Every structure is written in structure tokens, then in C-alpha cells.
Amino acid sequence: MFVTQPAVCERGPHSREDDCPEAWAAGLNRAQQIAAAHGDQPLLVLAGAGTGKTRALVSRLACLLHRGAAPERVLLLTFARRAADEMLLRAGDLAGGRRAVGGTFHSVAHRAVSTYTEVLGFPGGFSVLGPSEASDLMELMRADYGLAGLSQRFPRAATLVEIYSRCINSGRLLSEVLELSYPWCERHRENMASLFSSFTARKREGALVDFDDLLLYWRALLSQEKLGPQLAEQFDYVLVDEYQDLNHLQVDIVRLLSPQGRGLTVVGDEAQAIYGFRGGGPAELRQLVLGYQGATVVRLEENFRSYQGILDVANVVRSSCGGPGVTLRAVRGEGRKAKLVRCYDATSEARLVVDHVLRAHEDGAALQDQAVLVRAAHHSDLTEIELSARGVPYRKYGGLKFLEVAHVKDFVAAARLVDNPHDEIAWYRLLRLHEGVGAATARALVQQCRAAVDALAQWTEVVAAAPPRARSTLSATLHNLCRTRGETEAAARAVGVLEAVAPLVRSRYSEGRLADLERLVSAASAARDLSGWLAEITIDPPQSAGDFAGPPHLDEDFLVVSTIHSAKGLEWAIVHVPHVVDGCIPIDMALSTREGLDEERRLFYVALTRARDQLYLYSPLRMPYHPRASDDRHGLVKLSRFVDDALVAKLEVVEEARARPAFPLVGMDVRVSVDLSSLWA
DNA sequence: GGTAACTGGGTTTTT
DNA sequence: CCCAGTTACC
């Protein structure tokens, strides 16, 4: 660790590369060092899974800072917030505490948009719409347009938002997107087109900015004739992580930030491109970088994470993933072969997964060192039941987010209203919580609120316009919210919001849900102001309810259950992948197109390469026809098409539970109970 | 005209 | 479990 910078390394930001045997270089292999110490020419780092990509990027950041780059002129763009924070912090530690700037594309875009509200035509500020709010707005408009009750069922609001978003992120025409991905919606193309243009107008009118808009506005700012170059010149260095998952909008942004590629570093792995559904084009940024003069390519192939036994499996899958070739070599040695466990059915699969988790735990592995990775959030349903029944603590990542749970959305809506009484989406949601107010009444009241100067200050008028039976509860809610507006501290505001919504949540759902809201209140209390907190949690939502519980206790140990998507970039000593059957991995929805299937293969590759020491794949021989079917009709299922002969050759196949298990799962759907209390009486 | 209560069908992945 | 569509009631 150095304390003061040696004179030899004191250089301007555009100095030539040089090897300084300094803190940032400690423990790097040759390829990583070359990447970290690279000069100002465009750099493309092709990094296979587990090859120390993050290390290389952190070291590069540290090296740049160390050479004298101004921290505020170095920008790191990542895919997930956590990755950015961690890398900036680690690089800062290596570089004498100086921190570069960075975050996800969306959070950096948010900063840019907040800075240039006048240029963008939002003089009074704007609110950020998360996907669920965007979908609420779409719902509101769908009904306004009378598209709800047509003879031909019109797509759901959430689907509409998906389609809209895909058009923007892929830069494709609506007709193309429909043809490619939503053929069953094609007949509604015209209605959708007009709905979409009103949706855009309505967002603009209400100063509402959704995720896609953040990127669109950032790009628009960067494209401005005078402002654009000024913004780009703020940064001498732009580093982009996970380049394979950028969509064409994000690629445009990178191009505008670094028009000649000077100071541009791009890191990623095309075999891990798993966000095609969001408009990601893995090769796009690689081609951009390689098109610049003097571009350098560095390949990281030495794998520090896994044993060769695991990489052998991964390499087979990788070989058919496309993209630039990288073959992973383990530095850790051979290790054990990965196992393929054949199970009688999905129920015994769940039991075996938990058996193995607990056995490893007995052998000394913490639960935190293990993970269960699934393709779709519901694929872990049975495993979760088994985990609960056997008392194994776990946290689930991916799938439904904490913020998307109904009562949490209600709380957030009320909070948004206190912050901005013009937020019609929040009004719509809050009003419908009251008994006697349904969609139609709420819509009429929202119209009235839109017309009002400050609908929350004029709350008595809103109450007067509501149907009689709703008036008393509504007046209590609004009175509370109006009073809460007088508070300035985030903590006091959050408490006020909770008081306002608590009775509604209690009557609509159950008492238990209030506990979640209390956690939300304590999280909000730590924030400086409520509006900032709202924007923050919208752009970067907590990944699981546990994220709000504060720093975990030292003795807290839990298994991770996660979607493969959410597991990207992470690693565990032992990884369990259940449901390795056709229809799950690869998922049935993706089977119809070539691109879909390719992406499923890459997803499988991501799952395999999360494991450090041991990898278990499970395939049940039978699965219920429908995961939630109430009867237990089971059908035989096929092993995943990805597990071909070449792959099986690298696996240890274990035939477990060929026979139907003697007892059903503990805790599962107990229909018969025996009352023994008379015995003890 | 509008709401609540009931019923039947369906569910990929996320910033 | 969540949504959409249907029906019965105000």
C-alpha cells in the first residue's frame, strides 16, 4: 500500500502507458496487468467467466487515478448498482482514497437529466416512473381509450409497457417488435400505436420520466450540438462493464461520450449476454470499439474461480455460444466433476437439493456459500417449501420485487403524493384503496385532481366528490397526508404516510403486511429527503425484502435462492441448478426462435460458471403438467437439450430416487391431520 | 352506472 | 397468487 504518490507516476491524464509496480498491480496476472496499465487508446477486454474481470477493471481505475487522472473525470458505467459501488470503492482504496464517478446507466442518466431539467423542458422537476407506475399509467389510459372491454381482448397494461419499452430499447418499429416477439398482439397494432403516442405525450405533460426516458433524454442531451460535446468532454476516461448487455440506446450513449474512442475501456463476455429481451445486442459495442483507430484487445482466459471439473462443463456449453472464442483454464486444479442428479420427480428433486445443501452445511460450508439458481422465479417453489419445512433460512433474489408487492406500492403511492400532489398515478392507486371507490370513480376523481391547483391542499373538495360511503375513510387518509406535507424531515414524512395508509392496508390485506411497511419507514428515515429517496429506490430497487433489514448480523446465515439473471457476476462455493429439463432450461417460451435458444444456452453457461468448488445439476424425470395444478397429474419430461453427449461425458451422472418417494414432502399440502390431544388429556 | 364478490385461467428473464 | 371477466347487488 502506498501512502504518497511516487513522483515517477505523477502524470497527466493523457500520459503514455507504463508499468508501475504499485498497489493496483499487486496479484494481477499478465493479461490483467496489460489491461490495467493500458494507455488512452480504445481498449476491449474479453473476459471469460471468473477470469478476474472485476479485478482488472478495478485495477485499471486505480491505475488511472494513480497516474493522475482527476477522479471526477473518470466515469464507470455498470449494469448493476452494487457492482459500481463496490468497484469505485475498491479502486479508491488502491488509489489513496480518491473516488471516480459512476453508477448504472440509469442512475448516471438520472443525474444528467436532473441537472438539465430546463433544457429538457421540465422546469418544475420531474418524477421517475418505475415499471409498475408506468404500467399503472398505461392502465389508466387504456381505460380512457375504451380499449378495455373490446370483443378482442386487448393486451394487459404490463404487456403494453413491455412492448413499448422494447421498441425503444431495440430501436425497432412497433410492427417489427410485434411480428418478432408478440405475434398474438398484431391485430391490435393500430390501437396500440395511437395509445403509445398518447402515452408519450401524457408522460411529458405530467413531467413523468420512465426508465426508457432516462436513457432517451441522456442521449438527447449528448446529441445536442453545443451541449453534447461539452458533456462528453467532462470525462477523460469512460469504462464500461458488461458491454455485452448494453442495448442500442446505451451503445449510442457510449459513442457520444467517447466519439473517437479515446480513454474508452469496454469489458465483457459475449457468451454471457442474457438480456436480449431488453434490446441487448452483444456484438454492437465490440464492433464500435474495434472500429476505432488503435483499438487493443486483451483476452482474460485464466480462471481463478472454479475447478477445471466445472470449467470442462462450462467450456462445452460455451463452445456453442458464439462470439469471440475464449477457453477457460482453471488455475485451481482439477477438483471434482460436476454432478447431474436424476430425480424421480420435482418433489424428490426439491428434497435432494435440500439434502445436499444440509450435508454441505454439516461438512462446514456456510449456507451463504451455497446458492440455488433457477431460470424462472417460480421454478424454486417446491424447493422453497422444502426449505421452509426443514427450517433452512434463505433469501430469494429476482422474481417479484419487494416494491412490486401491492401494499408496498400503496405506501409508495401515498409517499409520492405527499411529495408531489400532481402525481395522477399515485392518486389513482390511493383512491382505489378506499371501499366504495373503484376504477371508474377513481378515474373521475383523478380528472378533478388534475384540474386542481393543489389537490392535496384542497382535499375536502376531493372528499366531497367521492361517493358517500367512501367519504369518512377518504377524509381520514387525505387529512393525514395533508398534515404530513407540513413535515420536512424524511423520517417524519414517512411516519405520517404510514399513519395514513395503515388503516387501508389493514382492512384490505392483513395485519402482517404492516411489518413490511415499518421496514420501509425505517429505510426512508435514513434518507435526507423523501423525494430523493423515492427516485433512488425506483431506479435501484431493493433486491429482496431482506435488503431493507439493514446490515446483516454476523451470525445470520442464509441460503441464496436466485434467478440466473440476478446471479450474474456473483459466485458461490456450491451451486445447485434444479429443473435442468426442456421447457425450463431452456424455457419453453424461448424455444420458437433461434436467438431465443441461443440466449438460453448463454444463460445456462452463466449458471454453471457461478460455482467455485461444486456444481450440482438436477433433472426430474417427471413434472406436473402445470406447476400450480391442484391435482398431481405428472408427465415424463425430457432432459435439457443442452445436456448432450458431449456434456454428459464431462459430468458424473447420479441416479437418485428412481422410485417414487415413500413419503410426500414434509409440510406439503397436508390434507389429513390427526388430533392426538385426547391422548395427553 | 358502478362496485364487490366470485370464478377460472395463467405466469421469463430486469435497469 | 394475481388478473380479467362475469354476475349480483346498490
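**Exercise 1. Getting an overview**

What percentage of the contacts in chain A with a separation of 6 or more comes from residues 24 or more positions apart?

Solution. Keep in mind that this is a predicted model.
- Step 1: Begin with the inventory, which for chain A is 26 helices and 18 strands.
- Step 2: Look at burial: 45% of the 681 residues of chain A count as buried.
- Step 3: Turn to the contacts. Among those in chain A with a separation of 6 or more, 76% are between residues 24 or more positions apart.

**Exercise 2. Reading a sheet**

Find the strand order of the open sheet of 6 strands, and name its edge strands.

Solution.
- Step 1: Walk across the sheet; the order is 3-2-6-7-1-8, and the pairing is parallel.
- Step 2: Look for strands that pair on one side only. These are strand 3 (101–104) and strand 8 (296–300), the edge strands.
- Step 3: Check the twist. Ignoring direction, neighbouring strands are turned by 15° against each other on average.
- Step 4: Zoom in on one pair. Strand 1 (residues 43–47) runs parallel to strand 8, and 5 bridges join the two. Here Leu46 stands opposite Arg299 of strand 8.
- Step 5: Add the helices. Helix 1 (residues 30–37) packs on the sheet and touches strand 1 and strand 8, with its direction at about 145° to that of strand 8. Helix 3 (residues 81–94) also packs on the sheet, where it touches strand 2 (74–78) and strand 3; its direction makes about 160° with that of strand 3.

**Exercise 3. Two helices side by side**

Are helix 20 and helix 21 roughly parallel or roughly antiparallel?

Solution.
- Step 1: Take the geometry. Helix 20 (residues 471–485) packs against helix 21 (residues 490–508) at an angle of about 175°, and their axes are 9 Å apart.
- Step 2: Compare with the cut-off. Angles over 145 degrees count as roughly antiparallel, so helix 20 is roughly antiparallel to helix 21.
- Step 3: See who meets whom. Helix 20 contributes Thr477, Asn480, Leu481, Arg483 and Thr484, while helix 21 contributes Arg493, Gly496, Val497, Glu499, Ala500 and Leu504.
- Step 4: Sort these by class: the contact has 4 nonpolar, 4 polar and 3 charged residues.

**Exercise 4. Backbone surprises**

Which of these counts as buried and which as partly exposed: Ala207 and Glu242?

Solution.
- Step 1: Locate Ala207, in the loop between helix 8 (189–205) and strand 5 (208–210). Its phi is near 55°, a positive value in a residue other than glycine.
- Step 2: Locate Glu242, in the loop between strand 6 (237–240) and helix 11 (248–257). Glu242 is not a glycine either, yet has a positive phi of about 55°.
- Step 3: Count neighbours. A residue is buried with 20 or more other C-beta atoms within 10 Å. Glu242 has 24 C-beta neighbours inside 10 Å, so Glu242 counts as buried. Ala207 has 18, so Ala207 counts as partly exposed.
- Step 4: Add one peptide bond. From Ile585 to Pro586 the bond is cis, with omega near 0°. Pro586 sits in the loop between strand 15 (572–577) and helix 24 (594–608).

**Exercise 5. Around the DNA**

Which residues come nearest to DNA strand B?

Solution.
- Step 1: Of the 26 residues around DNA strand B, the nearest are Ala377, Gly398, Gly438, Ala440 and Thr441.
- Step 2: Ask which element gives the largest share of this surface. That is helix 18 (residues 439–451), with 3 residues.
- Step 3: Sort by class: the surface near DNA strand B has 12 nonpolar, 11 polar and 3 charged residues.

Technical notes. Residues numbered from 1 in each chain as written. Chains lettered and ligands numbered in written order. Predicted model: local features only at pLDDT ≥ 70, side-chain atom pairs only at ≥ 80, totals over all residues. Helix = DSSP H or I, 4+ residues; strand = E, 2+ residues; numbered from the N terminus. Buried ≥ 20, exposed ≤ 12 C-beta atoms within 10 Å, placed from the backbone. Contact = placed C-beta atoms within 7 Å. Near = placed C-beta within 6 Å. Nonpolar A, V, L, I, M, F, W, Y, C, P; charged D, E, K, R; others polar. Axes fitted to C-alpha atoms, helices over the stretch in contact; angles between N-to-C directions. Parallel < 35°, antiparallel > 145°, perpendicular 65-115°, else oblique. Pairing = 2+ DSSP bridges.
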